[in-house]
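This briefing goes through a few local features of one model, grouped by topic. Please read it with the sequence and the structure at hand.

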Amino acid sequence: MELIKNLPEVFEQFAEQRKHSFLAVRELKEKGTPIVGVFCTYLPQEMVLAAGAVPVGLCSMSDETIGEAERVLPRNLCPLIKSSYGFAATDKCPFFYFSDLIIGETTCDGKKKMYEYLGKIKPVFVMELPNSQSESGMKLWKEEMLHLKEVLEEKLEVEIAEEKIREAIRIKNEERAALKELSYLMSANPAPMLGQDMFKVLYGASYKFDKEQSIAELRAVTARIKQEYSEGKMLTKRPRILVTGSPMGGAAEKVIRAIEANGAVVVCFESCSGMKAIDTNVDESNPDVYEAMAEKYLSIGCSCMSPNSNRFELLGRLIDEFKVDAVVDMVLQACHTYNVETYGVKQFVNQEKEIPYMSLETDYSQSDLGQLNTRMAAFIEML
């Protein structure tokens, strides 16, 4: 991909990619390509690709349909869960509408119960995610990989050959490598761009269905940013923030904007919208493809795991590699596992890494923008 436009225009193209993909998914459907709706980073998208289908992240990052969802779901439930169900129930998500199958996972009790209602609208398969990264957990997750293969073959009426899985693993590994190389540009000090712009690319790339083209575009963007940085185009030095916590995207991006509007820069996203998903690859040398995928995906340090040592290992490494001055922990309301884990993260950041930490609890509404900006201004002034 030759980048003719300037970088701000390129960033906006990625920001608008999700909207553009509404039409793209319809065209794929009209061509007979199966569409599989997905929610979570734990899902091995390689299996979906190997089935000749397109995996697409379902709408779940807005308060637009939460009022409708609360007709069925309790008001004090996580906004991500309510948003997910609301978009399905109101038929306002084109990705859900065109999906032949929805794949969920047992990351939390709220999601598990919501999937029961979702299954009344569309076919839903729920993967039994273990709650620990133990040997028995690994065995269960490998069995779920095999179960997923059987479900995809039955629902989509295809046969998934092992060579197709290996090819999908290669493509996804390349995509993760390209995203990781781009992300690590922010380890430079001063940073080459705002975190808002980096997140536009990371989030938008997940809605590009031609993976080979997407990889080429990511590498072209990376090359352009490197070139402009060498020419002296960069931010002034400012406090460097790492964002961790609940999944980020859509309305939750207000946290990024609040940080950067008050003089800092988000240099790293540790959440599953960022480094959690792309830090490691599937081991292509493993002769057992199902074991290789189970090992990669079960290693993700989500707060649904207990104990969750992998989150702290990744967090500590990223703080060092991105030269982080402070950590902001963004937790969605009623996201109980991440909320409980804030104490441990604060202790780790303050005592082991010896840098400041702030925890923010929010939802998808815009009602707390004033409070967010006030708290962030005080926090960054302290830095």
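Helices are DSSP runs of H or I with at least four residues, and they are numbered from the N terminus. The model is predicted, and every statement below should be read with that in mind. The topics are a helix and its surroundings, a disulfide, two further cysteines and one glutamate.

**Helix α12 and its surroundings**

- Helix α12 spans residues 254–261, and because six of its eight residues are buried, it is largely enclosed by the rest of the structure.
- The buried positions in α12 are Lys254, Val255, Ile256, Ala258, Ile259 and Glu260, a list in which Lys254 and Glu260 stand alongside Val255 and Ile256.
- The cover over these buried residues of α12 includes two helices, α10 (195–205) and α17 (369–382), together with the strands β5 (240–245), β6 (265–269), β7 (326–332) and β8 (357–362).
- After α12 comes Gly263, which has a positive phi, near 100°.

**The disulfide**

- By the distance rule applied here, the count comes to one disulfide, and it joins Cys59 to Cys93 with an S to S distance of 2.4 Å.
- The pair links distant parts of the chain, 34 residues apart, with Cys59 placed in the loop between β2 (54–57) and α4 (66–69) and Cys93 in the loop between α5 (79–90) and α6 (94–98).
- The link of Cys59 and Cys93 is right-handed, with 75° about the S-S bond, and both of these cysteines are buried.

**Cysteines outside the disulfide**

- For Cys108, the closest cysteine sulfur is that of Cys78, and because the two sulfurs are 6.6 Å apart, they are too far from each other for a bond, the cut-off for a disulfide being 2.5 Å.
- Cys108 counts as partly exposed because its relative accessibility is 26%.
- Cys335 likewise takes part in no disulfide, and its nearest cysteine sulfur, again that of Cys78, lies 5.3 Å away.
- With a relative accessibility of 14%, Cys335 counts as buried.

**Glu228 in helix α11**

- Glu228 is placed in helix α11, which runs over residues 211–230.
- Its relative accessibility is 16%, and Glu228 therefore counts as buried, since the cut-off for that class is under 20%.
- Once residues up to four places away in sequence are set aside, Glu228 touches Leu7 and Lys233.

Terms used
Residues numbered from 1 in each chain as written. Predicted model: local features only at pLDDT ≥ 70, side-chain atom pairs only at ≥ 80, totals over all residues. Heavy atoms only, no water. Buried < 20%, exposed > 50% of the residue type's maximum accessible area, 1.4 Å probe, protein only. Contact = heavy atoms within 4.5 Å.
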